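Trainee: Could you take me through one part of this model in detail, with the criteria behind each term stated as you go?

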Amino acid sequence: PAAAPGEAQSSALERSSAEVFNCGRGVWEIIPGMWQLDVPPNQIVAVAGRLFSSGDCLNSWKGHVEVYDGELNIWSVMDHSALSDLALLASNLPPSAQQLYLTMAVVGTRLFFLAGYEIAGDDDESFRTVSLVHSYDTSAAPGLAPAWSSFQPKMDHDNNVEDGSKELFSQCCSVQLSS
């Protein structure tokens, strides 16, 4: 049996909706039609009362950071966030590096992208993992300060090397505690 026209529309809205916790009221609310049908964001994080995303269920990195406008119910590309490949921020990665994982965390006004790349080992028959942290400052003033930066964390504090088998993070959560 075919669905009634109202049922099909309702189902489509449900599949593109999200539940958001309203801290002021202490309740969960449904936001209908928050993204393209059947292509939900991979991760959504909150910074200073605004929602940000950088990927979807098909691509962990879409080439830019998006910010959600709740009044217009649309996602818009953040100024100076477009970057075809986050690996371009790292001068120490060979062009053949393959992204293994990417996750996003928030600290202050910065989005931290924790990424792992597979690169050829010294003997060209083995591979090793290189972890990098890419940072995007959501409050950077265009033209005054670069919005993007990148660094390689130290995985082994004794030898200052990464052993090739450790993963920085594959899923991440950040919590800001205040006293």
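Mentor: What follows is a close look at one strand residue and two loop residues.

This is a predicted model, in which local features need pLDDT of at least 70, side-chain atom pairs count only at pLDDT 80 or more, and totals for chains, interfaces and linings use all residues. Residues are numbered from 1 along each chain as its sequence is written, and side-chain values use heavy atoms, with hydrogens and water left out.

Glu-66 lies in strand 5, which covers residues 66-69; strands here are DSSP runs of E with at least two residues, numbered from the N terminus. Glu-66 counts as buried because its relative accessibility is 12%, where buried means under 20% relative accessible area, exposed over 50%, and partly exposed in between (1.4 Å probe, protein chains only). Its side chain makes a polar contact with the side chain of His-64 at 3.2 Å, a polar contact being a pair of N or O atoms within 3.5 Å where, within protein, one must be able to donate a hydrogen and the other to accept it, and where residues adjacent in sequence count only if both atoms are side-chain atoms. Leaving aside residues up to four places away in sequence, Glu-66 touches Leu-51, Phe-52, Ser-53, Trp-75, Ser-76, Val-77 and Met-78, with contact meaning heavy atoms within 4.5 Å.

Asn-73 sits in the loop between strand 5 and strand 6 (74-77), and its phi is near 60°, a positive value in a residue other than glycine; because its relative accessibility is 29%, Asn-73 counts as partly exposed. His-80, placed in the loop between strand 6 and strand 7 (98-107), has a positive phi of about 60° although it is not a glycine, and His-80 is exposed, with a relative accessible area of 52%.

Definitions and conventions: Helix = DSSP H or I, 4+ residues; strand = E, 2+ residues; numbered from the N terminus.
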